[in-house]
Amino acid sequence: MGATSGNTRPRKKWMADAFRLVWSIIYWNTRKTVFVVRGRRGRAPCQNPSDDCIPGEVRCDAVLMWDSPARFRPICPLLVHTANGWCCSVAPQSVRSFWGRALGWFTVGALALYLIGGTAFFVGLRSVGRAPVTWAQVLWPGKWHEIRTVQSEALFGRAMEAFVAGRLNEAFLALSSARQRDPGNYRSGLLLAQLTMFQGSFLFADDVYAELLRDHPAERFQTAVHYHDTLLAMNRLDRLAGHCAAMAHADPQHAAVWVRSLLVAVRARGNGAEFLQHQAEAVERLAPFAQFLLRAEAMLGRGERTTAIRQLAAPFRGPLNPIYMQAQVERLAESGAPLEAHALLDFYGPALGEFEQVRTRWKIDLLTGEEWAVAASFRALLAQNLTAGQVERLALVLIEHPSAARFRELHQYVLRSAAVAAAVSGPALWITGLVCGAPEEAVVWQQRGVQPLGERYPDVSTIDLQSRRILQTNSVVHVANAITLPREFVLTLFSRPFATPVAQR
């Protein structure tokens, strides 16, 4: 106890002198300045009035209460230690203030306090807020604007963890905080829009997507695709149709892809005629071939199947597009006219290329249910030297028309070619295998093929294509958000529940 008390008393005395130093810097420099301004008449304010005015022998009153008068010398170098104690080394006429030293000490003190406070704030941000800020970002004013950005990114990371774990409320709060700290955080806005739509806040989500489209022109296409996928996942088909029509005009480079989604939405709703009426201006801006397909869809929606088949069976006489050509042929087959579809395919075939022609023929055969024709078309496809992209095109058909046997054949075909196996999308074949009911083969693609971001696959053995519950781990919505899939696979998976059965004549 004695040793502890002994160590504490010197520390307290040092701290007392430190406080006296702060007060003395202002007080004694002010009094000395007044003394000099008044002409240095009489005794200097810091010299003992009972001593003779002899330099080096007059005691200093400024240090009477100090535990260690030597600590006063940094602000008054005129103080010296003599046999008579601490005395002033000059006569009253030579006493002067030392504001320069005062400024220096205040600067050092302020800097020390700033460093201590900034370091404490830095530790707090790192430990409590879990924001990976740097010491320089906290201490240097020129980098202060970066703190909110770093905090926003940290909150986004926490939101992603909560989102994947199914804690949607926690994810929403983290995303809202991330947007408050950095309104320009694009990724936070994108996830917030999707999350709120999954939670049923459609108007709020639409507003956030509109804001992202407006404020982030460089990411406009990514935002539009994300909005498209979320609308399709939530079965908001009317909104999807309007969005696709607008994007077909705003994004002419991918207009045919947007129109294809527009046709899916209109077909699922069965409101082609209504859409043509209410969106007449948007439809007029589309390519003539796109308008042709929409008019046919309107006829089918009104029950005018014979008229629609007659229109679809005739080759389009304007500018052609492979996506529109395939859409016309497949819609004709789905409407119950496989012979006309084959005839139209033969007409369009040279423009589509051999692979796409055989692939489309296979789809027609699958729609009509002629097993011998299906087997023949599939064998013809596997007899070709397929690229990774063509393998994925076949996988898309298998998602629309699942078959465990055919997936296993495709699986073995890919494994026989090291180059194709290395280039094909692992997530795409994995999910195709699950949809087809071939989980053992599907598991192989968790380790093989191209996995764009190295995501962890959900621990599921089946995919529920009907479910739109984000928290259900085997729902198509959850899986599509858990891993990165090629664009065509997202569209096909989400469109699967809207597939139109083949109409019979």
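These notes walk through a predicted model of one chain.

1. Overall make-up. The chain holds 25 helices and three strands. Of its 505 residues, 47% are buried. Take the contacts between residues at least 6 apart in sequence: 59% of them join residues at least 24 apart. The chain exposes about 25,000 Å², and carbon and sulfur atoms supply 57% of that area.

2. The sheet. The three strands form an open sheet, ordered β1-β3-β2, with antiparallel pairing. β1 (58-59) and β2 (79-82) are the edge strands; each has a single partner, so one side of each lacks a neighbour in the sheet. β2 pairs with β3 (residues 85-88) through four bridges, in the antiparallel sense. T82 faces G85 of β3 across this pairing.

3. A nonpolar surface patch. Which residues form the nonpolar patch on the surface? They are V22, I26, W99 and F106, with about 350 Å² of accessible area together. Two helices, α1 (2-37) and α2 (99-127), each supply at least two residues of the patch. F106 belongs to helix α2. Its relative accessible area is 36%, so F106 is partly exposed.

4. Helix α15. This helix covers residues 322-334. Its 13 residues should span 18 Å at 1.5 Å a residue, and the end C-alpha atoms are indeed 18 Å apart. Is α15 largely enclosed or left open? Eleven of the 13 residues are buried, so the rest of the structure largely encloses the helix. Among the buried residues are Y324, M325, V329, L332 and A333, along with the charged-type names E330, R331 and E334. The buried residues pack against α10 (255-269), α13 (288-301), α14 (305-313), α16 (338-352), α17 (354-368) and α19 (388-400).

5. E330 up close. E330 sits in helix α15. Its relative accessibility is 15%; the cut-off for buried is under 20%, so E330 counts as buried. Beyond its neighbours within four places in sequence, E330 contacts T360, K363 and L367.

6. Salt bridges between separate elements. The count of salt bridges is 20. One of them joins D206 and R236, whose closest N and O atoms are 2.8 Å apart. The pair links distant parts of the chain, 30 residues apart: D206 is in helix α7 (residues 202-215), and R236 is in the loop between α8 (220-233) and α9 (237-250). D206 is buried at 6% relative accessibility. R236 is buried too, at 15%.

7. A salt bridge within one helix. E356 and R359 meet through their side chains at 3.8 Å, N to O. Both lie in helix α17, three residues apart, which is about one turn of the helix. E356 is buried, with a relative accessible area of 16%. R359 is buried at 4%.

8. A mixed pair, then a network. R406 and E371 form a salt bridge at 3.4 Å, N to O. R406 lies in helix α20 (residues 404-415) and E371 in helix α18 (residues 371-382), 35 residues apart. R406 counts as buried at 13% relative accessibility, whereas E371 counts as partly exposed at 49%. Elsewhere, R267, E297, R331 and E334 are joined into one network by salt bridges that share partners.

9. A buried loop residue. Where is I483 placed? I483 is in the loop between α24 (476-482) and α25 (487-495). I483 is buried, with a relative accessible area of 4%. The C-alpha atoms of I483 and R456 are 7.2 Å apart, though 27 residues separate the two along the chain.

Methods. Residues are numbered from 1 along each chain as its sequence is written. This is a predicted model: local features need pLDDT of at least 70, side-chain atom pairs count only at pLDDT 80 or more; totals for chains, interfaces and linings use all residues. Side-chain values use heavy atoms; hydrogens and water are left out. Two strands pair if DSSP finds at least two bridges between them. Patches are made of residues with over 30% relative accessible area and no salt bridge: like charges are joined within 9 Å, nonpolar side chains (Val, Leu, Ile, Met, Phe, Trp, Tyr) within 5 Å. Accessible areas come from the Shrake-Rupley method with a 1.4 Å probe; for residues, only the protein chains shown count as cover. A salt bridge is a side-chain nitrogen of Lys or Arg within 4 Å of a carboxyl oxygen of Asp or Glu. Buried means under 20% relative accessible area, exposed over 50%, partly exposed in between (1.4 Å probe, protein chains only). The expected span of a helix is 1.5 Å times one less than its number of residues. Contact means heavy atoms within 4.5 Å.
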